[in-house]
Amino acid sequence: MAASIAPECNDIKEKYDTCFLKWYSEKYLRGNTSSNDCEALFKNYKGCLNKVLKERGIDAMVDDARKSGSSETDAEFLKKS
Amino acid sequence: MKFFENNFTYDYSFPAVSLAYFLRYPNPHSRHVLTTDVIDRYVDPKTQRLHTIRLHLKKSKVPSGILKLLPKGMGGSDSSGQSYILEKTTVDAKEGWMETESRNMEWTGILSVVEKQCYKRLPSEEGRLALDGLAVDKSSEQTSVKTTVTFRSRLGQGKLLGKKKHDTGDHEDEEPRKGFFSSLSTAGIQRTIELIGVSRTKEAVLKSKEGMNIVLERLRSGGVVGVLEDREAAFGPDGTWKRVWLQGKDRSIENDKS
């Protein structure tokens, strides 16, 4: 599994990734889309990660990149296909 | 602006391919990918689509061909040899498609590269014909992927390296830069940079496909350890993907492992 940019978050990331992959393949792909088994783990992982992104000044760059460009909405995608 | 387009078909089911996409690092063709983090992830309650935003840190350097075109001091000096990539993914499991978009977050003034992929389930003919749903052999299920990469250089268009100037607070190179751009055609430089990006991308797209295929092959052969390294305990002997596989592919695994 890919490592985190923040070594101190690797353990919690691994737990979250494991949870996600299990949820994704056993539930989401089978139509159980509303369950949120990994929410608590994701919250922990995000808490750890966001701290590091902020410390390194990457958070602002991430926010900019998220806003920038052609982030299509679902509606636009549907129109296209 | 330049474009690169590629169409490809994986001989694997859509669930497997989408799982492999999330799992694709590390693989033997991804040694340049240093880290991967999930920035955000949620299911849209209206559409039931899964949205994921990831941040990848990759080893990279400005190609020497591009460095030659840049005024002295630009592009090399403060380059850490690493670059951040933001990846957005949307999965619609019901409709059987996944859309991805990856873009570089730095040096976008020199060259902005946006890669979009659209994965779509290609139902097998047997699957469609088996109306009773009994013993549907889905082993021929396939997933198509269309890759489009857009290259855009804005070098010399005013928005030049705003981030860098801000970072260093050093405007020493302003003067030579102006002289540099007046002596050469800005459009020509942009086109050259975009073309260098295209040629590098052809190789990268091929590599990424090979990487995906390796991850898919590991999944199919039940190589939980291979995919997740030492994490098989979390999944147990009844590996999750094995069930994903059984939905779509290679029934022999079931006999093998159960």
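**Exercise 1. Describe how α1(A) and α2(A) cross, and list the residues that form their contact.**

Solution. In this predicted model, α1(A) passes α2(A) in a left-handed crossing. Next comes the geometry: α1 (residues 10-26) and α2 (residues 39-55) of chain A pack at about 145°, and their axes are 9 Å apart. On the α1(A) side the contact is made by A:Ile12, A:Lys13, A:Lys15, A:Tyr16 and A:Cys19. On the α2(A) side the residues are A:Leu41, A:Phe42, A:Asn44, A:Tyr45 and A:Cys48. Sorted by class, the residues of this contact are seven nonpolar, one polar and two charged.

**Exercise 2. Work out the strand order of the open sheet in chain B and find its edge strands.**

Solution. The sheet has seven strands, in the order β1-β7-β6-β5-β4-β3-β2, with antiparallel pairing. The edge strands are β1 (2-10) and β2 (33-43) of chain B, since each pairs on one side only. On average, neighbouring strands are turned by 15° against each other, direction ignored.

Now follow the pairs from one edge. β1(B) and β7(B) pair antiparallel over nine bridges, and B:Asn6 stands opposite B:Thr147 in β7(B). β7(B) also pairs with β6(B), again antiparallel, over 11 bridges. Here B:Val114 has B:Thr150 in β7(B) as its bridge partner.

At the other edge, nine bridges join β2(B) to β3 (residues 50-59) of chain B, and these two run antiparallel. B:Asp37 has B:Leu55 of β3(B) as its bridge partner.

**Exercise 3. Which strands does α3 of chain A touch, and which does α6 of chain B lie across?**

Solution. Take α3 (residues 58-67) of chain A, which packs on the sheet of chain B and touches β2, β3, β4 (82-92) and β5 (97-104). The direction of α3 makes about 45° with that of β4(B). Helix α6 (residues 186-220) of chain B lies across β1, β6 (112-122) and β7 (142-152) of chain B. The helix α6(B) runs at about 15° to β1(B).

**Exercise 4. Describe the packing of α1(B) with α6(B), then place α1(B) in the largest nonpolar core.**

Solution. Start with the geometry: α1(B) and α6(B) pack at about 115° with their axes 9 Å apart, and the crossing is right-handed. B:Ala16, B:Val17, B:Leu19 and B:Ala20 of α1(B) meet B:Met212, B:Val215, B:Leu216 and B:Leu219 of α6(B). The class count of this contact is eight nonpolar, no polar and no charged.

Then turn to the core. The largest nonpolar core has 44 residues. Those with the most contacts inside this core are A:Tyr24, B:Ala16, B:Val17, B:Leu19, B:Ala20 and B:Leu216. Its largest share, seven residues, comes from α1 (residues 14-22) of chain B. A second, separate core has 12 residues, including B:Val62, B:Leu111, B:Val149 and B:Ile196.

One core residue can be examined singly. Leaving out residues up to four places away in sequence, B:Val17 touches B:Tyr10, B:Tyr12, B:Tyr119, B:Thr143 and B:Leu216.

**Exercise 5. How many residues of each chain are in contact with the other chain, and which elements of chain A take part?**

Solution. The count is 27 residues of chain A and 39 residues of chain B. The elements of chain A that give two or more residues to this side are α1, α2, α3 and α4 (74-80). The largest share, seven residues, comes from α1(A). By class, the side of chain A that touches chain B has 15 nonpolar, seven polar and five charged residues.

Terms used
Residues numbered from 1 in each chain as written. Chains lettered and ligands numbered in written order. Predicted model: local features only at pLDDT ≥ 70, side-chain atom pairs only at ≥ 80, totals over all residues. Axes fitted to C-alpha atoms, helices over the stretch in contact; angles between N-to-C directions. Helix = DSSP H or I, 4+ residues; strand = E, 2+ residues; numbered from the N terminus. Left-handed = near helix turned anticlockwise from the far one by under 90°. Contact = placed C-beta atoms within 7 Å. Nonpolar A, V, L, I, M, F, W, Y, C, P; charged D, E, K, R; others polar. Pairing = 2+ DSSP bridges. Core = buried A, V, L, I, M, F, W, Y, C linked by C-beta atoms within 7 Å. Buried ≥ 20, exposed ≤ 12 C-beta atoms within 10 Å, placed from the backbone.
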